[in-house]
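Here are a few exercises to work through with the model open next to you. Try each task before you read its solution.

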Amino acid sequence: MKMAVVPDPTMVGKLERGLGMDKKKTSFRNYTSGPLLDRVFTTYKLMHTHQTVDFVRGKHAQFGTFSSKKMTVLEAVDLLDQLVDESDPDVDFPNSFHAFQTAEGIRRAHPNKDWFHLVGLLHDLGKVLALAGEPQWAVVGDTFPVGCRPQASVVFCDSTFQDNPDLKDPRYSSELGMYQPHCGLGNVLMSWGHDEYMYQVMKFNKFSLPPELRQLSAVWVQAFYMIRFHSFYPWHTGGDYRQLCSQEDLNMLPWVQEFNKFDLYTKCPDLPDVDRLRPYYQGLIDKYCPGVLCW
């Protein structure tokens with residue numbers, strides 16, 4: 001498929017200037033030092049030990065009925081007031097603020113793409129799984145394909161996979177594992193977490209464009225795709241797993257990378273005034289994903 005518009009690569013500079021950010025980009029995603037490193041490493045060690053083909057298939061079956069809870073989008077955002085992401089080396093404040101930081105960064109850089117603003121708000125809502133009893137290693141953090149050998153840019157790749165049983169199984173331990181070359185990421189079983197869960201929630205609840213914009217439905221495809229793969233850092237930032245990508249994945253890559261600028265570089269201790277922002281985002285929710293949703 002062809003993309004509608006390629007994102008402007010200069011937007012990250014506009015974003016940084018617009019938000020007055022003084023934190024250097026190289027200081028984000030530091031996995032070698034920092035006050036949160038022990039917490040982060042423990043989360044990834046558990047993730048890389050227990051995320052197997054069988055585990056992921058079991059989670060799809062467990063949560064695929066969408067009968068866990070009924071709530072609106074903003075009720076889900078409010079739940080994230082209770083969650084601090086244990087995989088994130090950059091922040092130690094509730095995830096709800098990060099949702100608004102991301103959305104507002106996108107809004108400043110792309111003022112005419114209201115669907116993109118909503119993607120910023122929605123992207124981490126799958127983390128409500130952690131508030132339903134799921135361990136954080138099965139919810140947060142970078143994602144990676146199960147069913148094949150992890151590649152070099154996976155976080156802590158050399159020190160966290162030793163006890164994963166799939167890597168002792170010849171079906172899953174080669175570079176391609178159980179996949180065909182260029183099968184497409186939509187046909188790849190990703191590690192279970194908030195990306196895949198939120199993507200499935202959106203599909204099940206039939207998030208869609210209003211009738212007058214359905215001729216632009218490719219935009220909503222981009223929205224679904226960005227949410228599904230925004231944590232797949234080994235692919236969109238590390239440059240790995242290209243052997244699994246279809247041409248559609250490569251076409252979508254610039255959109256995922258554009259989203260990533262805001263997901264990552266808007267993190268700062270200056271927290272947004274959520275009460276002031278809620279009416280604007282409620283309007284977007286009413287437009288694209290209204291009412292009570294099944295989770």
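**Exercise 1.** Is Y172 buried or exposed? Then work out where Y172 sits in the chain and what is around it.

*Solution.* Keep in mind that you're looking at a predicted model. Start with the accessible area: Y172 has a relative value of 7%. Buried means under 20%, so Y172 counts as buried. Next, find its place in the chain: Y172 belongs to the loop between α7 (157-160) and α8. Now look for partners, skipping neighbours within four places in sequence: Y172 touches V53, R57, G147, C148, R149, D166, L167, G177 and M178. One of these, G147, is 25 residues away along the chain, yet the C-alpha atoms of Y172 and G147 are separated by 4.5 Å.

**Exercise 2.** Carry on into helix α8 (residues 194-204) and decide how many of its residues are buried.

*Solution.* Go through the helix one residue at a time. You should end up with H194, D195, E196, Y197, M198, Y199, Q200, V201 and M202 as the buried set. That's nine of the 11 residues, and α8 is mostly covered. Step past the end of the helix and you reach K206, which has a positive phi, near 55 degrees.

**Exercise 3.** Describe how helix α5 (residues 95-109) packs on helix α11 (residues 247-265).

*Solution.* Two packed helices are described by the angle between their axes and the distance between the axes. For α5 and α11, the angle is about 130 degrees and the axes lie 8 Å apart. That makes the two helices oblique to each other. As for handedness, the crossing of α5 and α11 is right-handed. The α5 side of the contact consists of H98, T102, G105, I106 and A109, and these meet F259, F262 and D263 in α11. Sort the residues of this contact by class and you get four nonpolar, three polar and one charged.

**Exercise 4.** Do the same for α5 and helix α12 (residues 274-288).

*Solution.* Angle and distance come first again: about 60 degrees, with the axes 11 Å apart. Here too α5 is oblique to its partner, α12. The handedness of the α5 and α12 crossing is left-handed. From α5, the contact uses F97, F100, A103, E104 and R107, while α12 brings V274, L277, R278, Y280 and Y281. The class count for α5 with α12 is seven nonpolar, no polar and three charged residues.

**Exercise 5.** Classify the ring pair formed by F116 and W255, and place both residues in the fold.

*Solution.* A pair of aromatic rings is described by the distance of the centres and the angle of the planes. The centres of F116 and W255 are 5.9 Å apart and the planes stand at 70 degrees, so the pair is edge-to-face. Now place the residues: F116 is in helix α6 (residues 114-122) and W255 is in helix α11, 139 residues apart, so to speak a link between distant parts of the chain. F116 and W255 are both buried. A search of the whole structure turns up 22 aromatic pairs. Elsewhere in your search, look for the aromatic cluster made of Y225, F229, F232, W235 and Y241.

**Exercise 6.** How many helices and strands does the protein chain have?

*Solution.* Count the elements: 12 helices and two strands. Then check burial, where 56% of the 295 residues are buried.

Definitions and conventions
Residues numbered from 1 in each chain as written. Predicted model: local features only at pLDDT ≥ 70, side-chain atom pairs only at ≥ 80, totals over all residues. Heavy atoms only, no water. Axes fitted to C-alpha atoms, helices over the stretch in contact; angles between N-to-C directions. Helix = DSSP H or I, 4+ residues; strand = E, 2+ residues; numbered from the N terminus. Parallel < 35°, antiparallel > 145°, perpendicular 65-115°, else oblique. Left-handed = near helix turned anticlockwise from the far one by under 90°. Contact = heavy atoms within 4.5 Å. Nonpolar A, V, L, I, M, F, W, Y, C, P; charged D, E, K, R; others polar. Phe/Tyr/Trp six-rings, centres within 6.5 Å; stacked < 30°, edge-to-face > 60°. Buried < 20%, exposed > 50% of the residue type's maximum accessible area, 1.4 Å probe, protein only.
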